[in-house]
Amino acid sequence: MKNKIYLSSFSAILEEGIYDDSGLKNWDKDQIGPQDIKREQVLNKPYLNFGKLSLADKLAFSAASLSLTKSDYVNKENMGICLGISTGSFSTDCRYIETVISGFPSPSIFSATLPSSSITDVAIYFGIKGPNRVCANGLDSGITAFELAINLIEFGKTDSVLILIVNSIESVDKNIPLILPEIPKNNFAFSFILTSKKPHISPAFAIELKIKKTNKLMNNDNAELYFKEFINSVLLKKDANIKGVWKTFESEIILKKEE
Amino acid sequence: MEDLILKLKEQIIKTLKLSDIKPEDINTDAPLIGSGLGLDSIDTLELLVLLEKEYGITVPDVNTGRQVFSSVRALANYIQQNTVKEK
């Protein structure tokens with residue numbers, strides 16, 4: 001790794017509540033989990049389109065909003081976005097087909113039948129104009145998005161990247177366990193902002209990612225637990241080596257604090 | 001007419017899943033697209049589907065569309081005129 005890469009901010013929307021750098025905020029009594037997230041929990045001003053977003057897009061937007069608010073460095077002209085979305089646009093595709101069957105295909109749902117639609121929503125609302133990448137490849141998607149983000153910074157394409165890692169299962173996905181058996185059942189979203197500039201927080205965390213290819217198919221690791229271990233280490237302000245085993249590779253994220 | 005205007009406002013909010021807005025927040029005479037309510041081209045397509053699905057009315061061309069979506073009142077007028085014609 002040529003230059004150091006730092007974690008500027010993070011957020012997570014999980015079954016137990018919303019995490020940011022101040023810790024965990026549990027869901028309100030009228031909320032079951034991530035699928036019930038409200039605009040006012042992630043954005044402090046009205047946003048007409050929030051209710052329109054598909055669950056995946058809403059989770060990605062919410063996680064992005066929380067991270068961008070907390071980050072001390074946001075260069076919107078140059079910031080990249082890397083999205084790892086395990087189910088791709090599967091839910092939206094199912095919802096669109098339902099409207100086709102009803103005889104009135106929905107234009108707005110059709111326009112979101114792209115795995116990258118979450119990037120569009122975030123980029124347009126927050127005015128982010130840097131390079132973007134998307135990976136929709138089951139459980140590996142999150143860690144691949146992480147790797148793509150680090151590559152963008154290392155190769156000088158940008159000095160900061162917003163990473164979004166999303167899993168969403170909507171009620172329309174009755175057959176998802178049959179079609180995509182390795183997809184986690186929980187809805188969740190993680191967001192990380194990586195920068196090449198050391199953030200003004202103490203401790204700052206330098207991040208390194210090691211990927212080791214393997215020749216045989218291995219059991220998948222749990223993406224949610226993997227990234228949860230990451231944010232727990234940051235919240236506890238401790239160094240960590242977070243190891244994951246994916247389909248065809250192993251990963252290790254090394255977190256090292258700098259005062 | 002006023003009942004139809006209120007119903008349309010409720011249908012617009014429900015169909016487009018607009019957040020943070022109530023029927024009384026929508027100005028009856030303000031443009032629906034761009035300035036005013038701030039809807040985009042995809043929203044307009046969704047409203048065309050609403051017109052056809054709920055009222056059995058189509059918008060034949062772009063110029064008529066510009067007129068129809070110039071405000072909620074214009075939309076209500078268009079529905080009323082075309083419903084009457086069909087009767």
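Student: What does Asp28(A) count as, at 37% relative accessibility?

Tutor: In this predicted model, Asp28(A) counts as partly exposed, because a relative accessibility of 37% falls between the 20% limit for buried and the 50% limit for exposed.

Student: Which side chain meets Asp28(A) in a salt bridge?

Tutor: The partner is Lys38(A), and the N to O distance is 3.6 Å. Asp28(A) and Lys38(A) both lie in the loop between strand 3 (23-26) and helix 1 of chain A, so the pair ties together parts that are ten residues apart in sequence. Lys38(A) is partly exposed as well, with a relative accessible area of 24%.

Student: And what about Glu77(A), which residue does Glu77(A) form a salt bridge with?

Tutor: Glu77(A) pairs with Lys129(A), and the closest N and O atoms of the two are 3.2 Å apart. Glu77(A) sits in the loop between helix 1 and strand 4 of chain A, while Lys129(A) sits in the loop between helix 4 and strand 5 of chain A, so this salt bridge ties together parts that are 52 residues apart in sequence.

Student: Are Glu77(A) and Lys129(A) buried or exposed?

Tutor: Both Glu77(A) and Lys129(A) are exposed.

Student: Which residues are linked in a network of salt bridges?

Tutor: The network takes in Asp20(A), Asp21(A), Lys25(A) and Lys70(A). Within that group, the side chains of Lys25(A) and Asp20(A) meet at 3.1 Å, N to O. Their surroundings can be set side by side: Lys25(A) counts as partly exposed at 45% relative accessibility, whereas Asp20(A) counts as buried at 3%.

Student: How many salt bridges are there over all chains?

Tutor: A search of the whole structure finds 14 over all chains, and the count between chain A and chain B is two.

Student: Let's go to that interface, then. Which residue of chain A does Asp43(B) form a salt bridge with?

Tutor: Asp43(B) pairs with Lys52(A), and their closest N and O atoms are 2.7 Å apart. By class, the side of chain A that touches chain B has eight nonpolar, four polar and three charged residues.

Student: How much area do chain A and chain B bury between them?

Tutor: The two chains bury about 1,200 Å² between them, and 58% of that area is on carbon and sulfur atoms. Of the area that chain A buries against chain B, 50% is supplied by Leu48(A), Lys52(A) and Phe104(A), which is more than any other three residues supply.

Student: How many residues does the contact take from each chain?

Tutor: Chain A gives 15 residues to the contact and chain B gives 14. For polar contact, the count is eight residue pairs between the two chains, taking pairs in which both residues are at pLDDT 80 or more. On the side of chain A that touches chain B, the element that gives the most is helix 3 (residues 107-110) of chain A, with three residues.

Student: Changing topic to helix 4 of chain A, is that helix mostly covered or uncovered?

Tutor: Helix 4 (residues 117-126) of chain A is mostly covered, with seven of its ten residues buried. The buried ones are Ser117(A), Ser118(A), Ile119(A), Asp121(A), Val122(A), Ala123(A) and Phe126(A). What covers them includes helix 1 (55-70), strand 4 (80-85), strand 5 (132-135) and strand 6 (160-167) of chain A.

Student: Which residue follows helix 4 of chain A?

Tutor: The helix is followed by Gly127(A), whose phi is positive, near 70 degrees.

Student: Where is Thr87(A) found?

Tutor: Thr87(A) is in the loop between strand 4 and helix 2 (90-101) of chain A. Thr87(A) is buried, with a relative accessible area of 7%, and a polar atom of its side chain lies 3.5 Å from the backbone oxygen of Ser168(A).

Student: Last topic, aromatics: how many aromatic pairs does the structure hold?

Tutor: The structure holds 18 aromatic pairs over all chains. In one of them, the ring centres of Phe192(A) and Phe227(A) are 5.9 Å apart with the planes at 45 degrees, so that pair is tilted. Phe192(A) lies in strand 7 (residues 188-195) of chain A and Phe227(A) in helix 7 (residues 223-235) of chain A, so the pair ties together parts that are 35 residues apart in sequence. Both rings belong to buried residues.

Student: Which residues form one aromatic cluster with Phe192(A) and Phe227(A)?

Tutor: The others in that cluster are Phe146(A), Phe188(A), Phe190(A), Tyr226(A), Phe230(A), Trp246(A) and Phe249(A).

How values were computed. Residues are numbered from 1 along each chain as its sequence is written. Chains are lettered from A and ligands numbered from 1 in the order in which they are written. Side-chain values use heavy atoms; hydrogens and water are left out. Contact means heavy atoms within 4.5 Å. Buried area is the accessible area (1.4 Å probe) that two parts lose on being put together, summed over both. A salt bridge is a side-chain nitrogen of Lys or Arg within 4 Å of a carboxyl oxygen of Asp or Glu. A polar contact is a pair of N or O atoms within 3.5 Å; within protein, one must be able to donate a hydrogen and the other to accept it, and residues adjacent in sequence count only if both atoms are side-chain atoms. Helices (H or I, at least four residues) and strands (E, at least two) are DSSP runs, numbered from the N terminus. Ala, Val, Leu, Ile, Met, Phe, Trp, Tyr, Cys and Pro count as nonpolar, Asp, Glu, Lys and Arg as charged, and the others, Gly among them, as polar. Rings of Phe, Tyr and Trp (its six-membered ring) pair if their centres lie within 6.5 Å; planes under 30 degrees apart count as stacked, over 60 as edge-to-face and the rest as tilted. Buried means under 20% relative accessible area, exposed over 50%, partly exposed in between (1.4 Å probe, protein chains only).
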